[in-house]
Amino acid sequence: MRISDLLEYTVHAADGTRLGKVSDARVIQDGPVLAGTQAAFRIDALVVGRGGLAERLGYIRGRVEGPWILCAFFSRLERRAQVVAVTDIARWDDEAHEIHLTADVDRARRTLEP
Amino acid sequence: MKKVLGVALGVLTAIGGFVDMGDLVANAATGARFDMNLAWVVVVGVIGIVVYAEMSGRVAALCGRPVFDLVRERLGPRFGLANLLASFFINMLTLTAEIAGVALSLSLVSSVNYLFLIPFVALLVWLVCWRMSFVMMERVFGLLGLCLIVFAVAVWKIGPDWNQLLSGSTHPHVPHSETLFTYAYFGIALFGAAMTPYEVFFFSSGAVEDGWTSKDLGENKINVLVGFPLGGALSLAIMASTHLLLAPRHISVDQLSQVALPVASAVGRLGLAVVIIGIFAATFGAALETSLSAGYVVAQYLGWPWGKRDAPRTATRFHVVIMIAIFGAAVFGLSGIDPVKVTEYSIVLSAAALPLTYFPILVIANDARYVGPDHTNGRFLNAVASVYLIILLLVAIATIPLMIITKGGA
Amino acid sequence: MGFGGAAPGKERSMSASGAGNPARTGRVLHATLDLLDRQLRDRNGKLCGNVDDLEITRDDETGQMFVSAILCGPGILAYRMGRRRLGRWLEDANRRVHDTPRHHEPFERTRIPIVFAGEIGPMIEVAVDVDDLATHDMERWTLTHIIDHIPGSGSRAHQ
Amino acid sequence: MVLSVAACSEHSVGPARTYDDFERKSRTSAAVALSSVETVRLLAETSSDGDAWGAYTNIGLSEQEDTLAEATGDFASIQPPDHRSDDLRAQLLELLDSAGDHIATVRIAARRGDLGSLEQVAAPLADDSVALQHFLDSIKR
């Protein structure tokens, strides 16, 4: 699978609520990079977004702080995105491009900021 | 001492390189038609290009990445592609205008119809792109472009009432023979001429080619902060010369030869010679910059090797794009379109397209991951840059409707 | 080419509690933000394409996912931009034209295993040679078919 | 974009439906002519003073001659909507033709190398200029 395929998937909570489309994958680069291991770039969460262009600018994830006017506007949009832990994924429906979670809406909804 | 000389040379090059076909035509035409009522736009445009160029120069120096490289990264491949197509198209119009400008300036000394000169000029432009070193190219044409200072000499020789000239510039109004629409349209043309995007593509790519690092930031700032405003002053001298000499005679500027007329009339034969050398250098230098920019934008979007510092064989596709661009512009120029009209459309559309590249640079200049935590935009710069983002958006929205309402400024 | 590289902001141990995840110690990256569309540089510092797409491996047993490779080369970007069939076709065509590796290649020519990625900053350095990548095929073709035929292309400097 | 390219190559003179429309178009044509006449006068003056060389003067004169001829042709091809327009048309065409003739004379003299006497040759253009300005004043709102 490619990330362009992953970005086609929609994410659904356990109770069937549609959370949105995958817009990014959070990657943890843990441990030393060793040849032959793929553990180096582990995806730990998916960003489910509704921010559009705002998500590419990285006002929250990239911690860009200025200029004020853009920061206020795009942070607001980006904040609408949610983060879904990979460990919360129950099953993949590759036909319908859907990801179903074990968690229900309230537990699944987490935002980019604490 | 050597350092000071280097900085001085950089500033002089920036002044001489500021003016191109767009500035010549836009300033001369508005001076003759609107007197000094649009002079303030040049000031606004110059501040804009200073802000834009400083940011892109800083980003290029600190992360080694020029403007168009970052456009795709920030805007995504799809929007980036649309951006690339628009920028490439406008750049082609500008390149056509510059090549025609070189041919026209040569025709004024040789009596040969400029259309016959276009293939020759195109070949010459390509040869310089192919062989001449980057630094040499920048210096030669930038310094020769300083000949345009003769416009200031012309204004001084005409001996205007300076107070009147100043108050005419600082108390702008729409002349009663004109509508608000034509006034705004010419304003946009002037703005686009001062703030052309290709200058920034070239400037930031050049910074990477010259291998700028954080140590060169000071020089970047001086070049931009001193060179560009003085280049803008040169533009105002062009405007003043046609305002003083052509406007009272009801002459409207629609030929490049008319741009030189105030200088010939006020300074004489030598002045005419100097101004034509200046026009030649300014348009030729800009033809080189736009040719290279065509290669830069495509190569940077697609991640190809690019650059003219090393031999062409190290950046082959980049050089092929340049060849195609020059060839295409020459064919377009030969089709008999009016070079002055092409120039006008190229600067107006440039103005409309500015937000597309300005916006990602503004974001990245604030992104510590690119420029480091110590070199992000300061508070003041961000305030000014935000105001300009709004101005650019307004201009972009207004351009096409104004173009239609005024029938291209007729 | 003397690119001055600024060190990328290393976000170690963010205070954010994340998505109910155990404490993280590694560096946090966002795939579309920090990896996609970045400029690639080979081991000799030559520009060799952009990150056109990323390969993701899903382990259905454990449910874990990894970014396993950087994809770049003809067709990959078209695929990503939604031209799935065109992209596939371009990739296949490219593979067929270059089916005989010039020398031992430890990877497919459009696929750079992620372990080859070094410094990830404004550019991504990859420990491969530009000539082993599909992104460079056209560059080479242009060189032998066009550029070398024009005088002054600097061919002598290469000998 | 396509629109703008098309606009670069055309010199459109749309049809005139009313008298006002026709008047506006004749004003535009007269202004173009006035600009050409004045440019030629200034060129002639500059050349007579020895401030310009032959190639520059020749190219400048031909450009203005072409501009005027084009404006004249465009104006002549507009269908006048009523009888009032006919008068206006005849009046302006006479001015345009006269200016065209005089510019041609200057161009011929310049081609022969009589740069020193150009100002004299261009003297009749002063009347054309005045006449055109009168015309423009007469149809101003």
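User: A crossing is called left-handed if the near helix is turned anticlockwise from the far one by less than a right angle, and right-handed if it is turned clockwise. With that in mind, in which kind of crossing does H2(D) pass H3(D)?

Analyst: This is a predicted model, and in it H2(D) passes H3(D) in a left-handed crossing. Helix H2 covers residues 19-48 of chain D and helix H3 covers residues 54-76 of chain D, and the two pack at an angle of about 165 degrees with their axes 10 Å apart.

User: And how are H2(D) and H3(D) oriented to each other?

Analyst: Angles over 145 degrees count as roughly antiparallel, and H2(D) and H3(D) are therefore roughly antiparallel to each other.

User: Which residues in H2(D) and H3(D) meet?

Analyst: On the H2(D) side the list includes Phe22(D), Val32(D), Ala33(D), Val40(D) and Leu43(D), together with polar residues such as Lys25(D), Ser29(D) and Thr39(D). They meet residues of H3(D), among them Tyr56(D), Gly60(D), Leu61(D), Gln64(D), Leu68(D) and Phe75(D).

User: What about chain D overall, how many helices and strands?

Analyst: Chain D has 6 helices and 0 strands, giving the pattern α-α-α-α-α-α when read along the sequence. Of its 141 residues, 49% count as buried. Among contacts in chain D between residues at least 6 apart in sequence, 77% join residues at least 24 apart.

User: Where do chain A and chain D stand, joined by contact or apart?

Analyst: No contact joins chain A and chain D, and their closest C-alpha atoms lie 25 Å apart. Chain C and chain D do not touch either, with their nearest C-alpha atoms 24 Å apart.

User: Switching to the cores: how many residues has the largest nonpolar core, and which have the most contacts inside it?

Analyst: The largest nonpolar core has 211 residues, and Val275(B), Tyr358(B) and Tyr56(D) are those with the most contacts inside it. Helix H4 of chain B, residues 67-110, gives the most to this core, with 17 residues. Apart from that core lies another, of 41 residues, which includes Leu46(A), Ile99(A), Cys48(C) and Met65(C).

User: What is Val275(B) in contact with?

Analyst: If neighbours within four places in sequence are set aside, Val275(B) is in contact with Leu148(B), Val150(B), Phe151(B), Ala260(B) and Val263(B).

User: Back to H4 for a second; is Arg74(B) buried or exposed?

Analyst: Arg74(B), which is found in helix H4 of chain B, is buried, with a relative accessible area of 0%. Its side chain is joined to that of Tyr370(B) by a polar contact of 3.4 Å. The side chain of Arg74(B) also reaches the backbone oxygen of Leu33(C) at 3.3 Å.

User: How do helix H9 and helix H17 of chain B pack?

Analyst: Helix H9 (residues 180-194) and helix H17 (residues 379-405) of chain B pack at an angle of about 125 degrees, with their axes 10 Å apart, and that makes H9(B) oblique to H17(B). The contact involves Phe181(B), Ala184(B), Tyr185(B), Ile188(B) and Phe191(B) of H9(B), and residues of H17(B) including Tyr388(B), Leu392(B), Val395(B) and Met403(B). H9(B) passes H17(B) in a left-handed crossing.

User: Now backbone oddities: what is the phi of Asp35(B)?

Analyst: Asp35(B) has a positive phi of about 50 degrees although it is not a glycine. Asp35(B) lies in the loop between helix H2 (21-34) and helix H3 (39-63) of chain B, and it is partly exposed, with a relative accessible area of 31%. A positive phi also appears at Asp37(C), where the value is near 70 degrees; that residue sits in the loop between helix H1 (31-35) and strand S2 (39-41) of chain C and counts as buried at 0% relative accessibility.

User: And which residues does Asn37(B) touch?

Analyst: Asn37(B) is also in the loop between H2 and H3 of chain B, and at 5% relative accessibility it counts as buried. Not counting residues up to four places away in sequence, Asn37(B) touches Gly168(B), His171(B), Pro172(B), His173(B), Pro175(B) and Tyr183(B).

User: Last one, where is the place of Pro122(C)?

Analyst: Pro122(C) is in the loop between strand S7 (117-120) and strand S8 (123-126) of chain C, and it is buried, with a relative accessible area of 6%. Its C-alpha atom is separated by 28 Å from that of Arg83(C), 39 residues apart along the chain.

Terms used:
Residues numbered from 1 in each chain as written. Chains lettered and ligands numbered in written order. Predicted model: local features only at pLDDT ≥ 70, side-chain atom pairs only at ≥ 80, totals over all residues. Heavy atoms only, no water. Core = buried A, V, L, I, M, F, W, Y, C linked by side-chain atoms within 4.5 Å. Buried < 20%, exposed > 50% of the residue type's maximum accessible area, 1.4 Å probe, protein only. Helix = DSSP H or I, 4+ residues; strand = E, 2+ residues; numbered from the N terminus. Contact = heavy atoms within 4.5 Å. Polar contact = N/O pair within 3.5 Å; in protein donor to acceptor, adjacent residues only side chain to side chain. Axes fitted to C-alpha atoms, helices over the stretch in contact; angles between N-to-C directions. Parallel < 35°, antiparallel > 145°, perpendicular 65-115°, else oblique.
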